[in-house]
Amino acid sequence: MSRPQEPHRPFFHFGNPFKMIAPKGSQLSPRLLGLLNTFEETLAGRLRKLNPKDKDDVLSLSWMKLAMESLCGTHNDIKSLIAEIDLPVSNWDEKWIDVYLDISVKLLDVCIAFSSEISRLNQGHLYLQCVLHNLDSTSSDQFIRARSSLDGWRHHIGSTNPRVENCSTILDKLVESLDLPKVKNSAKGKLLMRAMYGVKVLTVSVCSVFAAAFSGSAKKLLELNVAETYLWAQAFNDLQGNVNGEIRNVFSSGRVMVLKELEAVDDVVKELYPKIQDGVGLTEGNTFKNSVSDLDRKAQKLSQGLDLLTNEVDGFFQILLAGRDTLLSKLRSGGSVSERMLTRNVEGQSVR
């Protein structure tokens, strides 16, 4: 599937989603309105916390870890909200269920793609360990082996991951799901759809940033337009503008390695490579030793950051999976929806 050539991918077609969820025949009670406001204020706080104070924090592994923590927290918040408003699955419209299950399975696919890319990047650490081991010797043969390992690392890191490349198609479909289902005569249903809209916007936005970072392409970035009627709208717009703007600046500068920690390692590799060519490093003294130590330190920081990010992505995957399994279990026990829907969604999950 060909990608659009424009640097931005704005999404306008659904218009103002508030018009689709603003209570008409069924008004929100003060209690429900309070729960909704609390949810939206909490989401706004998460978005403000995620907005980097320093542009250099964007695309760092620590920021990406924080972004994934925000996703986990927000998805847990919507789970708690559903319990607080006392909206049993038996009262869910079949369209809501179908949309939720479809979104969740797509997000599971995205998590798998991100996990595979983090694992691939972490595998590059083996090459760096070989480099450091060989540079611990004064043998010219060891220097040749070290150079070969550096070649291997650069080739490995420069390769592409088909799963990450396919994320754009999945994200485009998730954007389409932002179009909220219509809710009739259900105040709780209207509240749920409004809250879920916030969850979906944050999720799609963060996933598009990850896809851009892992693929090395700003074309993966999405521009979402949120109506000002949401309490978290300004916080989201500020976050999206700052993060997407900085990422585009990074790509326009011609940088190949966009992850901060990965770029730091690559800079040292570029510095070391000519020094070890044909054993030249043997005569470099302390300068050479300092470069080797620098590589060791930055390689460890990269590996540790990737490990921590892996844990957060895995945690998000488990939250999605648990929520999906719980819903399917309740549907089976309650007989709330058709066997056709259950069969379709169970099959969709089993193939992954």
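In this predicted model, a search of the whole structure identifies 3 cavities of 30 Å³ or more. The largest cavity has a volume of about 50 Å³. Its lining is formed by Leu 50, Trp 63, Ser 205, Val 206, Val 209, Leu 239, Gln 240, Val 243 and Asn 244. Two elements, H8 and helix H9 (233-252), each give two or more residues to the lining of the largest cavity. The largest share of that lining, 4 residues, comes from H9. By residue class, the lining of the largest cavity comprises 6 nonpolar and 3 polar residues, with no charged residue.

Aromatic contacts were examined next. A search of the whole structure yields 8 aromatic pairs. One of the pairs is that of Phe 114 and Phe 210, whose ring centres are 5.5 Å apart. The planes of these two rings meet at 40 degrees, a value between the limits of 30 degrees for stacked and 60 for edge-to-face pairs, and the pair is therefore tilted. The contact links distant parts of the chain, since Phe 114 belongs to helix H4 (residues 94-134) and Phe 210 to helix H8 (residues 187-215), with their positions 96 residues apart. Phe 114 has a relative accessible area of 1% and is therefore buried. Phe 210, with a relative accessible area of 0%, is likewise buried.

A further aromatic pair is formed by Trp 232 and Phe 236. The ring centres of Trp 232 and Phe 236 are 6.3 Å apart, and with 85 degrees between the planes the arrangement is edge-to-face. Both Trp 232 and Phe 236 are buried. These two residues also belong to one aromatic cluster, in which they are joined by Tyr 197 and Tyr 230.

A contact between a charged group and a ring is found at Tyr 273, where Arg 154 lies over the face of the ring at 5.1 Å from its centre.

Helix H5 (residues 140-158) was considered separately. Helix H5 contains 19 residues and reaches 27 Å from its first C-alpha to its last. This span is close to the 27 Å expected at 1.5 Å a residue. Buried positions in H5 include the aromatic residues Phe 143 and Trp 153. Gln 142, Ala 146, Arg 147, Ser 149, Leu 150, Gly 152, His 156 and Ile 157 are also buried in H5.

Methods. Residues numbered from 1 in each chain as written. Predicted model: local features only at pLDDT ≥ 70, side-chain atom pairs only at ≥ 80, totals over all residues. Heavy atoms only, no water. Phe/Tyr/Trp six-rings, centres within 6.5 Å; stacked < 30°, edge-to-face > 60°. Buried < 20%, exposed > 50% of the residue type's maximum accessible area, 1.4 Å probe, protein only. Lys NZ or Arg CZ within 6 Å of the ring centre and 35° of its normal. 1 Å grid on protein atoms, 1.4 Å probe; cavity = no way out; pocket = protein on both sides within 12 Å on 5 of 7 lines; lining within 4 Å. Points joined across faces, edges and corners; volume = space filled by probe spheres on them. Nonpolar A, V, L, I, M, F, W, Y, C, P; charged D, E, K, R; others polar. Expected span 1.5 Å × (residues − 1).
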